[in-house]
Structures are given as C-alpha cells and as structure tokens.
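Q: Could you take me through one part of this model up close? Pick a single residue to start from and work outwards, with the cut-offs spelled out as you go.

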Amino acid sequence: MAATRAKEPLHEYRKKRDFANTPEPAPASPKSRRARKPRFVVQEHHARRLHWDLRLEHDGVLWSWAVPKGIPLLNKPNHLAVRTEDHPLQYLTFHGEIPKGQYGAGSMTIWDSGTYEPEKLRDNEVIVTLHGERVDGKYALFQTKGSQWMIHRMSPPADPTREPVPRDLRPMLATPAQALPRDQRNWAFEMKWDGMRVLLLVEAGQLTLTSRLGNDATSRFPELRALGDVLAQTDVVLDGEIVALDANGRPSFEQLQPRMQVGSASVARRLAAEHPVVCMLFDVLWLDGHSTCELGYLDRRKLLERLALAGPTWQTPPATIGDGQAVFRAAEELDMEGVVAKRLDTTYQPGRRSDAWRKVKTHLGQEFVLGGWLPGGGRLDGRLGSLLVGYYEDGDLRYAGRVGSGLNERNRSLLETKLAPLARDTSPFDKTPKLPDPHWVDPELVVDVRFQNWTGAGMLRAPRYRGLRDDKDPSEVAREIR
Ligand code: MN
C-alpha cells in the first residue's frame, strides 16, 4: 500500500495512536480539510476609482473580481464585475494603505468576510452562497466578454422592503415670511445659506447633484465628488446648499456665479481647484434603501447627524431648536441671508412649497424676471446700463423697477450675451413703463436682486443686482413680501 502512504504522509503516526485517549494532536485528515468551508472577502478599495474587490478562496489562491458598484443587495440590476488576477490567500485579511505610485494605490478596508458554499466554480461561471456579516445569499458570477463578468444576486434580498434610490426627488421649498414663528419651541432654526440648492444622491459611492429644477449639476462641482467616496455603500439622498465662501468665510452668491454658469467640465475642474465651494447639508430624504421623508424633522436630523458628514468641501451646520431669535441675531451679525424655520412635527414634502418651512431674511431680496434693459451713457456708450425687472401676479408680468447697481464688467458681458437672442419689439410687462430707449426681451431670465424695501407704488427701493439664476423657473417668480 505504498501509494496510500505517499498520499497520506502521517499514516504511521495516526496508526499508532488512539486520539480519543491521548492529548497529542490528531493530524487534520485530507477529508476534514476538504470539509472546512472556503472563505471569501470583500474589500472596499479607494483606488483612483472606488470599487469593491470580491475574492473567493479556491485551489490555494483567491479568485478575484473588482466590482465598481459593490455586491448587489437586490436581484436587479446585475453589477459589472471585472475579473482580476488571482491573489494569494494572505490577501483574505489584508487591509491598509497601498502607497502612491504603486498598483492600486489608495486605502483598502475589509467591507465583509466569511465563508461560502460553492455550487459551481468554472472558468466562465461561478455560483456560490456567501455567508458574511453584511452579505448573506446566493450569487452567480458569469463571464460576458473577456475579463468582463456580471454578478447577480439569486437569493431574495435580505431586506425585502429595500428599494433602489429614487432619482426624481425634488427639494422641499420654504414659504417667505416677514417674521419668525411665535411658537418657537415647536420649530428648528437653521441658517439660510446664500447659494445654490441641490439634492445630493449617492449610490455605490457615485455622487449625483440635482438642481432645484431637476437638472444634473454634478460636473459643475467636481470638488464634491469625494463625498461619494466617503458614503461609499451608504445609499443616500441629502438636501443641501452649495455656497462659495468669500475671504471672510461668508457665503457669497456673487462669487458662486461663475460656478453656476460654467459650461465645460475642464473649466469646472480649474475653478474647483482655484476656489472650491462648500456644500452645507441639512436634511436626508433617503437612507439605505428606504425613504426617510415620512419621518419627522428631529428623526431625520438624527439620521443626518449620525452620518457625521464633515469634510473639506461639505459640512453639516447646526440646527437650533426653539431659540429662533438667537439664530436670527447671529445671522444679522454675520451678515447672512437669513434664517429658515422648520416645524419639528412635519415630514419632508419633496417638491412642495410648505408653510412648515419658512424663510425669514435679514435683508430684502428675491428673484425677478428680466423684461428688458436700458443702455448706459458715458463710458458705456449704449452698452447694458440697467436691467428692467418684474414679477408675476395673476398671470401678468408687473414691472418692479430698474437695477443698475451691482453691474460690473464681468457680469455685464455675460448678461449681454444672454439677452441678445431674447430681443423683441414689444414690452413683456402688463403696463409698459415710460422709459427712454428701452430694449425689450422675452421674459426668460431670472436674476437675484437685493433691495432696501418696496415703495408704496410697488417699486424697488435701492435695488442691487446679485446674479443670474438658472435654477429658477421664471413663471414661478412672484412678489415674496407684500
Ligand atoms: Mn482593487
């Protein structure tokens, strides 16, 4: 029986002993070694592009795939899995920093590990049941072309109520108010940030920014992409405001203007490097497969704070319960735009303007529709001198005055470029104001104007131009404060 002995090197050792009666170790039999369940690991790899590496122990090596969107938790869609080179078994427990310049540079952490039951392990198809802390279920991996594979979850989702992140959510809007609510203990008070409202959607580490009107603004703010890396497998929809901070650290809508208008991704990257924006995060609409809109303000706030989002270009500014006066005083002292009051007992109502959210401004200011312009004299010699602005009331465009202050060389040429194709012969206002040499335009552009107050005749006193808004619908522009 020489052949048997060759296969089993510890045959003699085993034969001489009764392991039920000796403390000496029994050799692991080849059979029991085969019976041990093979192991797997999923590593979260923050390389040039975030991905997850799935590795299965097999035949003394780790079969490996890089999965950009991570292990699917739902039955659809399937996720791309790129087959990579086999890794040594020691990689099962590897985590750490792969240095810059090395292959796969970036941090690697263990996202999940455990054992698996093999069902099929072929060169072009693998079926396994993973038993990990986060993932438990049967998966199929199948080759589609070359190194390209797909991974499909065959078991029903661990959480059958889990849903994919909705992409059609819109921000809840606040109603303008002249004063803070009186029953302040029922309200939370937040700073009103003077910038651009966005919803931030993160799925499998990929960030998408959506403007108020539902336009994709992701490529305009590349410095926010890293927020996706931080949230990684946490699927989430957040509400926030993108602001540009001036030299004193105050939000400057004027400084944000070039970022809102940017046309190409390369210009966006240059501007982002020169003067990064900050996104102020203040609400959560969706988390880990479930809507959070039905929760009350305090519960949503708790979830938001638990995410602990504070980074180089994002912050979670505080909210104050009850003492609105203090927040308003701080807003005045810091020369902030105002305060937003949010009722504690209300849900998040996507896309709706609600009385449960109220904005109280420290300065008067709002959006207006451009209906025309007047040429300037002197050095301007016929170029854009002032803007003719109005707002809608009962379907009519009411004239509210002319705005010349705040125009400078940079915004003047931008406005001239935008106004030129909108030229028309007749006034868009319901009552044509008597003005020297007016140039009328189709009422399609929305501008942001700060002013001292309204005159009794319904005109703006001391208005100052602040910038263009391409994230507001002209037909929704109404007089905010009467
Ligand atoms: Mn990798």
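## Starting from one loop

A: Ala204 is buried, at 5% relative accessible area. Buried here means under 20%, exposed means over 50%, and partly exposed is anything in between, with a 1.4 Å probe and protein chains only. Keep in mind that this is a predicted model, where local features need pLDDT of at least 70, side-chain atom pairs count only at pLDDT 80 or more, and totals for chains, interfaces and linings use all residues. Residues are numbered from 1 along each chain as its sequence is written, and side-chain values use heavy atoms, with hydrogens and water left out.

Back to the residue: Ala204 sits in the loop between β12 and β13 (206-211). Strands and helices are DSSP runs numbered from the N terminus: E over at least two residues for a strand, H or I over at least four for a helix. The backbone is worth a look too, since phi of Ala204 is near 50°, a positive value in a residue other than glycine. Asp288 also has a positive phi near 50°, and its home is the loop between β15 (278-287) and β16 (290-291). Asp288 counts as partly exposed, at 34% relative accessibility.

Now follow β12 (196-203) to the largest pocket. This strand gives at least two residues to the lining, and so do β10 (173-176), β11 (187-192), β19 (338-343), β20 (353-361), β21 (364-375), β26 (446-451) and β29 (464-469). On the method: the search runs on a 1 Å grid over the protein atoms alone, and a pocket is an open set of points with protein on both sides within 12 Å along at least five of seven lines, while a cavity is a set where a 1.4 Å probe fits but cannot get out; lining residues have an atom within 4 Å of a point. The space in the largest pocket comes to about 640 Å³, where points are joined across faces, edges and corners and the volume is what probe spheres set on them fill.

In total, 39 residues line the largest pocket, and those nearest its centre are Lys192, Arg212, Arg353, Lys359 and Lys472. By class, the lining holds 22 charged, 13 nonpolar and four polar residues. The sorting is by residue name: Asp, Glu, Lys and Arg are charged; Ala, Val, Leu, Ile, Met, Phe, Trp, Tyr, Cys and Pro are nonpolar; the others, Gly among them, are polar.

Two of those lining strands, β19 and β20, have a loop between them, and that is where you find Gln349. Gln349 counts as buried, at 17% relative accessibility. Its side chain makes a polar contact of 3.0 Å with the side chain of Arg352. A polar contact is a pair of N or O atoms within 3.5 Å; within protein, one must be able to donate a hydrogen and the other to accept it, and residues adjacent in sequence count only if both atoms are side-chain atoms. Leaving out residues up to four places away in sequence, Gln349 touches Met172 and Ser354, where contact means heavy atoms within 4.5 Å.

Phe328 is worth a stop as well. It belongs to helix α8 (residues 324-333) and is buried, with a relative accessible area of 17%. With neighbours within four places in sequence set aside, its contacts are Leu180, Val339, Val360, Lys361 and Thr362. For a sense of scale, Phe328 and His11 are 84 Å apart, C-alpha to C-alpha, and 317 residues apart in sequence.

For contrast, look at the second largest pocket, with about 440 Å³ of space. It is lined by 20 residues, and His45, Ala47, His51, Tyr103 and Gly104 are the closest to its centre. Both β2 (50-58) and β4 (79-88) give two or more residues to this lining. The split here is 10 nonpolar, five polar and five charged.

Strand β4 also holds His87, which counts as buried at 12% relative accessibility. The side chains of His87 and Arg55 are joined by a polar contact of 3.4 Å, and a polar atom of the His87 side chain lies 2.8 Å from the backbone oxygen of Glu85. Pro77 is in the loop between β3 (61-67) and β4, and the peptide bond from Lys76 to Pro77 is cis, with omega near 0°.
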